[in-house]
Amino acid sequence: MLHHASLGVYDIERSAAFYDATLAALGCIRVWDDIRPGQTGQAVGYGPPGGGDKLAIKHRPDGQRTPGPGFHLAFAAPNRQAVDLFYAAAISHGGRDNGRPGLRSHYGENYYAAFVMDPDGHALEAVFNSAE
């Protein structure tokens, strides 16, 4: 249903470093960018190698607002190890813990997920929902 999602960020270079690391853990890469230091209108797109963007971050230094409680983006992970790597990359690149990696049996028998807040306060999740 969704083609892609975009998030406004205060510091495009800081956020690009965060998303480069966290999304790499899930097998996604920077598929395009328009970073021009000192200018507005900058953006970075992420997606699978050889594909189009599924997530874009856009520089919004004067009007960036995070969505309120209840909103988050959940990224599909290829396995539990990728969820762990996502979490570790997020924490080491300026993210905040919002739920360490582990099974969430209240969501399903095999629902393994980690939750973080990006440097701008966007709620993110990486999830693997299958028996390994």
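The following exchange goes through some features of a predicted model.

Student: Why are strand 5 and strand 8 said to pair?

Tutor: Pairing needs at least two bridges found by DSSP. Four bridges join strand 5 (residues 73–76) to strand 8 (residues 123–129), so the two strands pair, and they run parallel. Val-127 of strand 8 is the bridge partner of Ala-76.

Student: How do you know which side chains of strand 5 are buried?

Tutor: Buried means under 20% relative accessible area. Leu-73 and Phe-75 point to one face and are buried, whereas Ala-74 and Ala-76 point to the other and are not. In a regular strand the side chains alternate between the two faces of the sheet.

Student: What makes Phe-75 stand out in the largest nonpolar core?

Tutor: The core has 27 residues, and Phe-75 is among those that touch the most other members, together with Tyr-19, Leu-26, Ile-57, Phe-86 and Leu-124. Elements giving two or more residues to this core include strand 5, helix 2 (80–92) and strand 8.

Student: What makes Phe-75 a contact of Leu-124?

Tutor: Contact requires heavy atoms within 4.5 Å. Leu-124 touches Phe-75, and also Tyr-19 and Phe-86, among others, not counting residues up to four places away in sequence.

Student: Why are strand 1 and strand 2 at the edges of the open sheet of four strands?

Tutor: The order is 1-4-3-2, with mixed pairing. Strand 1 and strand 2 (29–34) each have a single partner strand, so one side of each is left without a neighbour in the sheet. The twist averages 20° from one strand to the next.

Student: How do you know that strand 2 and strand 3 pair?

Tutor: They share five bridges, where at least two are needed, so they pair, in the antiparallel sense. Asp-33 has Val-44 of strand 3 as its bridge partner.

Methods
Residues are numbered from 1 along each chain as its sequence is written. This is a predicted model: local features need pLDDT of at least 70, side-chain atom pairs count only at pLDDT 80 or more; totals for chains, interfaces and linings use all residues. Side-chain values use heavy atoms; hydrogens and water are left out. Buried means under 20% relative accessible area, exposed over 50%, partly exposed in between (1.4 Å probe, protein chains only). A nonpolar core is a set of buried Ala, Val, Leu, Ile, Met, Phe, Trp, Tyr and Cys residues joined through side-chain atoms within 4.5 Å. Axes are lines fitted to C-alpha atoms, for helices over the stretch in contact, and angles run from 0 to 180 degrees between N-to-C directions.
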